[in-house]
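Colleague: Could you take a close look at the salt bridges in this model for me? I'd also be glad if you placed them in the fold around them.

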Amino acid sequence: MMQTLGALVEQGDIRGIGLSEVSSATLRQAHAVHPITAVQSEYSLWSRQPEEELLETCRELGVSFVAYSPLGRAFLTGKLDIESLAADDFRHAVPRLNGEALTNNQQIVKQFSKLTTEWQYSNAQLCLAWLLNKHPHVIPIAGTLHEKYLIENAQAAKITLKSEQIDELDELFNPRNIAGERYPEAGWGGIEK
């Protein structure tokens, strides 16, 4: 596959090659065949798996890292009402957003909301600023349907966090504190851990 994609780049049919939800080992193997432009994976305050190895591999190889769901599927904004989601919304199946895991994670978001108020940012701004301050090669993609939130989110690029603030957020959202998986069992197909 990489040889074919590399040939398409060479022919000018595509500009670059991106991979999604791959392991560091797969990225290295693919990059050895043809340079990878970007890797997209879920990464946020409460989904920190890329920190284990993938972010460093991207930095080392000069590959951009695109963080999807940097607002934790809107949960980290503190504004998501699970009960009001449409019946077919996929978030109903997300283990983190159900039962005891939801209760646990809501407590963490309440603590986070207190910090954001104290630091005078919105939850979304602080989620994005954390990514941008922590890793300059990370490009967060925060989806929104409202212009108001687009403008608010863009302000995160102007926020400079102190190392103590980053450390405090890292500890609050330490993976051991987060309850539940980010996908139901069926959702892990095609995702490398």
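**Salt bridges and their surroundings**

Modeller: Happy to! Glu21, Glu42, Arg73 and Arg182 are linked in a network of salt bridges. A salt bridge here is a side-chain nitrogen of Lys or Arg within 4 Å of a carboxyl oxygen of Asp or Glu. The model is predicted, so local features need pLDDT of at least 70 and side-chain atom pairs count only at pLDDT 80 or more, while totals for chains, interfaces and linings use all residues. Residues are numbered from 1 along each chain as its sequence is written, and side-chain values use heavy atoms, with hydrogens and water left out.

Searching the whole structure gives 11 salt bridges. As a general point, side chains of opposite charge can pair when their charged atoms come close. Besides the network, three pairs are worth going through one by one.

Let me start with Glu56 and Arg59, whose closest N and O atoms are 2.4 Å apart in their salt bridge. The two residues are three apart in helix 3, which separates them by about one helical turn. (Helices are DSSP runs of H or I with at least four residues, strands are runs of E with at least two, and both are numbered from the N terminus.) Glu56 has a relative accessibility of 41% and counts as partly exposed; Arg59, at 47%, is partly exposed too. In these terms, buried is under 20% relative accessible area, exposed is over 50%, and partly exposed is in between, with a 1.4 Å probe and protein chains only.

The next pair sits in other surroundings: Arg91 and Asp89 are both buried. The closest N and O atoms of their salt bridge are 2.8 Å apart.

In the third pair, Arg176 meets Glu171 at 2.6 Å, N to O. Arg176 is exposed, at a relative accessible area of 61%, whereas Glu171 is partly exposed at 40%.

Glu171 leads us to helix 7. This helix runs over residues 163–172, and its buried residues are Gln165, Ile166, Leu169, Asp170 and Leu172. They cover an arc of only 165° around the axis, which puts them on the same side of helix 7. The arc is that of the directions from the helix axis to the C-beta atoms. The buried residues of helix 7 pack against helix 4 (99–119) and helix 5 (123–134), where contact means heavy atoms within 4.5 Å. On the other side of helix 7, Glu164 and Asp167 are exposed.

Helix 2 (residues 24–33) can be read in a similar way: Ser24, Leu27, Ala30 and His31 are buried there. Down the axis of helix 2, these residues fall within an arc of 125°, so they line one face of the helix. Gln29 and Ala32, on the other side of helix 2, are exposed. The cover over the buried face of helix 2 includes helix 1 (2–10), strand 1 (18–20), strand 2 (38–42) and helix 3 (54–61). Helix 3 is also where Glu56 and Arg59 are found.

Two loop residues next to helix 3 round off that region. Ser44, in the loop between strand 2 and helix 3, is buried at a relative accessible area of 0%. Leaving out residues up to four places away in sequence, Ser44 touches Ser69, Pro70, Gly72, Leu76 and Trp130. Gly62 lies in the loop between helix 3 and strand 3 (64–68) and is exposed, with 63% relative accessibility. Its C-alpha atom is 8.6 Å from that of Ile36, 26 residues away along the chain.

Finally, the whole fold. The chain has seven helices and four strands, arranged along the sequence as α-β-α-β-α-β-α-α-β-α-α. Its radius of gyration is 18 Å, close to the 16 Å that the globule rule gives for 193 residues, so it is as compact as a globular protein of that length. That radius is taken over C-alpha atoms, and the rule is 2.2 Å times the number of residues to the power 0.38. Buried residues make up 46% of the 193 residues. Of the contacts with a separation of 6 or more, 71% join residues 24 or more positions apart.
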